[in-house]
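Please open the structure in your viewer and keep the selection tool at hand. The tour below proceeds one selection at a time.

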Amino acid sequence: MTTILFCSQPFSPREVDADFAEEHTAAHGAGFSTALIDHTRASEGDAPGAVRHVPTEPSTAVYRGWMMRVQQYAAFHAALAARGTSLVNDPDAYRFCHHLPESYPALEGDTPRTTWLPVQGPVELSQVFERLQPFGSGPVIVKDFVKSQKHYWNEACFIPNAEDRPAVERVVRRFIELQGEDLNEGLVFREHVPLRIVGRHPRSAMPLAAEVRTFWFDGELLLTHPYWGDLATPPAPPPSDWMHHMASRVRSRFFTMDVALREDGRWTVIELGDGQVAGLPAIGLAKQLYERLRGALP
């Protein structure tokens, strides 16, 4: 039987993290067994300690919890394997969907043009300007290999002109400041493609695009829902044939693919995510996800 691994409540290893309580209930309702892992220990380098409450018996498992860095996930995967548990996504699959530069070659042409700069230590702005040359004077956004500061849109995400050196330096430095120790691998620069805007975020006033989050398992579409829930509903669903074609390029068993409607009426892939650490876009979707996941698993 497949086991779903959830994060435990901090300082209470026998209780599920409250943020995953709805999913925990839904998983049991769909017929899955569950076990708890200690995300804090995993993130601090103690993978064997993190999985100490997972039964030692041959099984397949799906993790549903907080993100881990690629190196942490690899250690987590190995510690589970030592107990006889095989995660549905191996470390290569996790890296492929978790780090945008890994998946970009598979998505190129159907996702905004992208360049990146690995960072170890202080950022060399001369290298930043070199990476921005392909964009000319066009607008770009900055993020790291995993996340952006999209709620600080004008301050630490959006650069209106890639040739405007003072603006580039200001936004990049602010992004790095906000990320702090959470800066993941380096900087990523993406062409800002005009998307169909259908709302504004009530907290940050960030423009909200007609964006959809989709969950996939072994090439089967499990779940589709507006990324921003009721805040921004796309005027039409993304085309099924195109989505399946894009999903066929993804080297992962369980992943998410976020897609958005462009102003010109075409759809584009925004990013991929490992399905084990991608959040549900709205409350109340857990039952649907786990019922469909139950049907997709052998």
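Begin by selecting helices H5 and H6, whose axes lie 5 Å apart and pack at an angle of about 80°. The model shown here is a predicted one. With that angle, H5 is roughly perpendicular to H6. To see the contact, display Arg95, Phe96 and His98 on the H5 side, then Leu100, Glu102, Ser103 and Ala106 on the H6 side. By type, these contact residues divide into three nonpolar, two polar and two charged.

Keep H6, residues 100-107, selected. How many of the eight residues of this helix are buried? The count is six, so H6 is largely enclosed by the rest of the structure. Colour Leu100, Pro101, Ser103, Tyr104, Ala106 and Leu107, which are the buried residues of H6. Next, show what covers them: the cover includes helix H5 (91-98), helix H10 (240-247) and four strands, E6 (114-118), E7 (140-144), E9 and E15 (267-274). Just after H6, select glycine 109, where phi is positive, at about 100°.

Now turn to another pair of helices. Select H7, residues 125-132, together with H9, residues 165-179; their axes come within 11 Å and cross at roughly 115°. H7 and H9 are therefore roughly perpendicular to each other, and their crossing is right-handed. Which residues meet here? From H7 come Leu125, Val128, Phe129 and Leu132, while H9 supplies Arg165, Val168, Glu169, Val172 and Arg173. The residues of this contact divide into six nonpolar, no polar and three charged. When looking along either helix, recall a general rule: an α-helix has 3.6 residues a turn, so residues three or four places apart point the same way.

Follow the chain from H9 into the loop that leads to strand E9 (186-191), and select leucine 183 there. Is leucine 183 buried or exposed? Its relative accessible area is 19%, and buried means under 20%, so leucine 183 counts as buried. Apart from residues up to four places away in sequence, leucine 183 touches Arg69, Val119, Asp144 and Phe175. For a sense of distance, add phenylalanine 20 to the selection: its C-alpha atom is separated by 25 Å from that of leucine 183, and the two residues are 163 residues apart along the chain.

The next stop is the largest nonpolar core, which has 24 residues. Select Leu222, Tyr290 and Leu293, the members that touch the most other members. The elements that give two or more residues to this core are strands E1 (2-9), E12 (211-217) and E13 (220-226), along with helices H1 (21-29) and H11 (286-296). Which element gives the most? That is H11, with five residues. Centre the view on tyrosine 290 and display its partners: leaving aside residues up to four places away in sequence, tyrosine 290 touches Ile4, Phe6, Glu23, Ala26, Ala27, Ala30, Phe32 and Arg64.

For the last stop, select threonine 85, which is found in strand E5 (residues 85-87). Threonine 85 counts as buried, at 2% relative accessibility. Finally, display Val54, Pro55, Glu57, Ser59, Ala61 and Leu80, which threonine 85 touches when residues up to four places away in sequence are not counted.

Methods
Residues numbered from 1 in each chain as written. Predicted model: local features only at pLDDT ≥ 70, side-chain atom pairs only at ≥ 80, totals over all residues. Heavy atoms only, no water. Axes fitted to C-alpha atoms, helices over the stretch in contact; angles between N-to-C directions. Parallel < 35°, antiparallel > 145°, perpendicular 65-115°, else oblique. Left-handed = near helix turned anticlockwise from the far one by under 90°. Contact = heavy atoms within 4.5 Å. Nonpolar A, V, L, I, M, F, W, Y, C, P; charged D, E, K, R; others polar. Core = buried A, V, L, I, M, F, W, Y, C linked by side-chain atoms within 4.5 Å. Buried < 20%, exposed > 50% of the residue type's maximum accessible area, 1.4 Å probe, protein only.
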